[in-house]
Every structure is written in structure tokens, then in C-alpha cells.
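The two exercises below concern helix packing and enclosed space, and each is followed by a solution in steps. Please look at the sequence and the model before reading on.

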Amino acid sequence: MARPDRIHDSSGFVMLADYVPHLIQEIRYHSTYNFIGERIDGYEEPCAMATLEAARALKSAGNELYVMGYELKVFDAYRPARAVKHFVLWGIEDQDLRMKEFFYPDLEKQALFAEGYIAKQSSHSRGSAIDLTLLDMKTGKEVDMGSPFDYFSEASHPDYRGITDEQYRNRMLLQKVMVRNGFLPYECEWWHFVLRDEPYPDTYFDFPVCAGSLRS
């Protein structure tokens, strides 16, 4: 278990936008448009943070995709442990189903944990996990992946074939480039990747998501 002072040490972290050119950010947990329906604890600013190692690897992936006509759009990166606690406490509250129709229409709320969509300890809190998609520079729109971000369903599994061939190719394009640049995919979510050689595999950080965390 990490020392209490270690989980608040942000010295190995950076702002992704400072390292990844052309990065687009839509930090869902800083907004109310997420599976809970309110801003999540610890998200003080709408910015993506990650370990330096993850940022460098993502820069390489982003450069490769940019040449192909795509930009990276990030929904989440480093996630404080307090945010994960917010998820868990929400899971205990049976009556709060306000976002069910948008994010988990076919699952009971408690099944989100058992099915692997929400973890009681998240790889995001270790600082080297990224949730992202592609944006087509010709159209200025997100690439069609067959299901939206944080849609908790079998339809979001990367290898799900109940989607069009084009949607499947789009998922595989993102996955192949991310894997080629050092990330590992996740079997339940096409958008989720973790740096293979993450620098803090046993530490779950808890400083807030904001520029001030990097200046402290």
C-alpha cells in the first residue's frame, strides 16, 4: 500500500495538452453529462492529466494518427481516488437512476461493478490510463465507434461484432495505434487504454484534477 504522502505527490504528472499536439478534451466527469449526472469529486478543472510516461506515449500515438487525418479526443485520464469513491457511493444508492437511459439502459445499476464497467479501484488513479476516441479532421466530428463513451453494454466491447464493418474498423484503428505505441486495451470498453509499462503500478493517487496540483 502506498504511503499517505505518496498518493498526493503529483511530481510525476503533466497536463496532456502540454505534450500532445492538437489534443481535444471533453472531460466528462467535470460536467454533469456522465453516468452519474453530476460533477465528480476531485475534478476541479476540465483538463486531462497523466504521468509523463503516458503523455509521451500518447504524443507518439497522436502524431501517427494526425498524419492519417485524425486527432485524439480525450474524455478522461488521471482520476483521483476520491472520484472512484464517488462512483462506489453512487452505486450503493439504489434510487439514483437519472442517467440510466443514456448510459446503462440494459443493465441494473449494481451490475455495472460486477460486469467490469466500474471498478472499486481504478487504473485511472494510477495515472497512466486514458479514455479517448478519434476525431475526423475532414468532418470535424467524432469517428463513429458504434457506441458512445461510457455506454455500459456488450456493444462497447472492442470485439463486439453487432456493429457495422466501418464502426468495427474504426475501433480497430484506434486500438492498433494505441497498442503500437505502448498501451494495452481493455476487453469491456473500446475507449479505455492503460500504458503497458506504467510507472506507478501500485499507487492510487488522490490529488485533484487541476493545474494547481502540478504547481504544489
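**Exercise 1.** How are H1 and H5 oriented to each other: roughly parallel, roughly antiparallel, roughly perpendicular or oblique?

**Solution.** The model is predicted, with local features requiring pLDDT of at least 70 and side-chain atom pairs counting only at pLDDT 80 or more, while totals for chains, interfaces and linings use all residues. Residues are numbered from 1 along each chain as its sequence is written, and side-chain values use heavy atoms, with hydrogens and water left out.

Step 1: helix H1 (residues 52-67) packs against helix H5 (residues 165-180) at an angle of about 135°, and their axes are 9 Å apart.

Step 2: angles under 35 degrees count as roughly parallel, over 145 as roughly antiparallel, 65 to 115 as roughly perpendicular and the rest as oblique, and H1 and H5 are therefore oblique to each other.

Step 3: the contact (heavy atoms within 4.5 Å) is made by Leu 58, Ala 61, Glu 64 and Leu 65 of H1 together with Leu 173, Val 177, Met 178 and Arg 180 of H5.

**Exercise 2.** Identify the residues that line the largest cavity, and state which elements supply at least two of them.

**Solution.** Step 1: a cavity is a set of points on a 1 Å grid over the protein atoms alone where a 1.4 Å probe fits but cannot get out, and lining residues have an atom within 4 Å of a point.

Step 2: searching the whole structure gives 1 cavity of 30 Å³ or more, and the largest cavity holds about 50 Å³ of space.

Step 3: its lining consists of Val 20, Pro 21, His 22, Gly 62, Asn 63, Tyr 66, Tyr 70, Glu 71 and Leu 72, with H1 and strand E4 (70-76) each supplying at least two residues.

Key
Axes are lines fitted to C-alpha atoms, for helices over the stretch in contact, and angles run from 0 to 180 degrees between N-to-C directions. Helices (H or I, at least four residues) and strands (E, at least two) are DSSP runs, numbered from the N terminus. On a 1 Å grid over the protein atoms alone, a cavity is a set of points where a 1.4 Å probe fits but cannot get out, and a pocket is an open set with protein on both sides within 12 Å along at least five of seven lines; lining residues have an atom within 4 Å of a point. Grid points are joined across faces, edges and corners, and a volume is the space filled by probe spheres set on the points.
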